[in-house]
Amino acid sequence: MLTRAYLSIRAVNRDKEARAIYVTYFNNASLTNLVRVTNIIRSMHDRVSLGNQNVTMSYVPDNNAFLALGVGALPAGVTIAQVEAFVVQHGVPPPTPLRLYTCPSFFTGNVYLPNAVNQRTGTGTILHELSHGVGDTSDHAYTWAPAYRSLTADQRAANADSYRAYCQAFDT
């Protein structure tokens, strides 16, 4: 998925289909955010495909394990049982290792579903968290939420779930 997404994002200026897919997920027909988006997708791709850029995954089974990490508190009203995954580091440059934490609900859905652009999957969750880790993205809205449709191009370029859905669009 990431390789195909990376090849497509690099072709946006010369390929009509690649441009249409980019505009669908990043709401940016003028291509003003193309360099930023390309850099994040390249960083995601490089992080998992180059041997010198670590991604370490650890399991956080309960609230006590989360508290033992010393990374702060969960948002009000959220328990670790509701969390699929998270990263603490944002915008991590290579070769600094990136640590991705999985939690109980990561394992309650399907890890992989083909063509699951707007379905929760483990693969999609990892892509989403990877964009936070290497691209310093935020959580403005999930693509399946009504609020996603009203995000500006700048918000979508900074939105982790835009990258997840864009990459999953290349899962054929």
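## Helix α5

The buried residues of α5 are G122, G124, T125, L127, H128, E129, L130, S131, H132, G133, V134 and G135, where buried means under 20% relative accessible area, exposed over 50%, and partly exposed in between (1.4 Å probe, protein chains only). Put as a count, 12 of the 14 residues of α5 are buried, leaving the helix mostly covered. Helices (H or I, at least four residues) and strands (E, at least two) are DSSP runs, numbered from the N terminus. This is a predicted model, in which local features need pLDDT of at least 70 and side-chain atom pairs count only at pLDDT 80 or more, while totals for chains, interfaces and linings use all residues. Residues are numbered from 1 along each chain as its sequence is written, and side-chain values use heavy atoms, with hydrogens and water left out.

What do the buried residues of α5 pack against? Their partners are α1 (2-10), α3, β1, β2, β3 (98-102) and α7, with contact meaning heavy atoms within 4.5 Å. From its first C-alpha to its last, α5 reaches 19 Å, close to the 20 Å expected at 1.5 Å a residue; the expected span is 1.5 Å times one less than the number of residues. Just after α5 comes D136, with a positive phi near 55°.

## Helix α3

Helix α3 covers residues 34-49, and its end C-alpha atoms are 22 Å apart, which agrees with the 22 Å that its 16 residues should span at 1.5 Å a residue. Its buried residues are L34, V37, T38, I40, I41, M44, H45, D46 and R47.

## The largest pocket

Rolling a probe the size of a water molecule over the atoms shows where empty space is left. On a 1 Å grid over the protein atoms alone, a pocket is an open set of points with protein on both sides within 12 Å along at least five of seven lines, and lining residues have an atom within 4 Å of a point. Grid points are joined across faces, edges and corners, and a volume is the space filled by probe spheres set on the points.

The largest pocket holds about 290 Å³ of space. It has 19 lining residues, and A85, T125, H128, E129 and Y142 are the closest to its centre. Two or more lining residues come from each of β2 (85-87), α5 (122-135) and α7 (160-168). Helix α5 gives the most, with five residues. The lining divides into six nonpolar, seven polar and six charged residues (Ala, Val, Leu, Ile, Met, Phe, Trp, Tyr, Cys and Pro count as nonpolar, Asp, Glu, Lys and Arg as charged, and the others, Gly among them, as polar).

## The second largest pocket

Here there is about 210 Å³ of space. The lining is F66, V71, A73, L74, P75, V78, V83, A85, F86, V87 and V88, which divide into 11 nonpolar, no polar and no charged residues. Strand β2 supplies the largest share, three residues.

## A few single residues

V60 sits in the loop between β1 (55-59) and α4 (63-69). Is V60 buried or exposed? With a relative accessible area of 2%, V60 is buried. Its C-alpha is 6.5 Å from that of Y101, although the two are 41 residues apart in sequence. Beyond neighbours within four places in sequence, the contacts of V60 include F66, F86, Y101 and C103.

C103 is buried, at 0% relative accessible area, and C167 is buried at 0% too. How many disulfides does a search of the whole structure find? Zero, a disulfide being a pair of cysteine sulfur atoms within 2.5 Å.

Note on methods. 1 Å grid on protein atoms, 1.4 Å probe; cavity = no way out; pocket = protein on both sides within 12 Å on 5 of 7 lines; lining within 4 Å.
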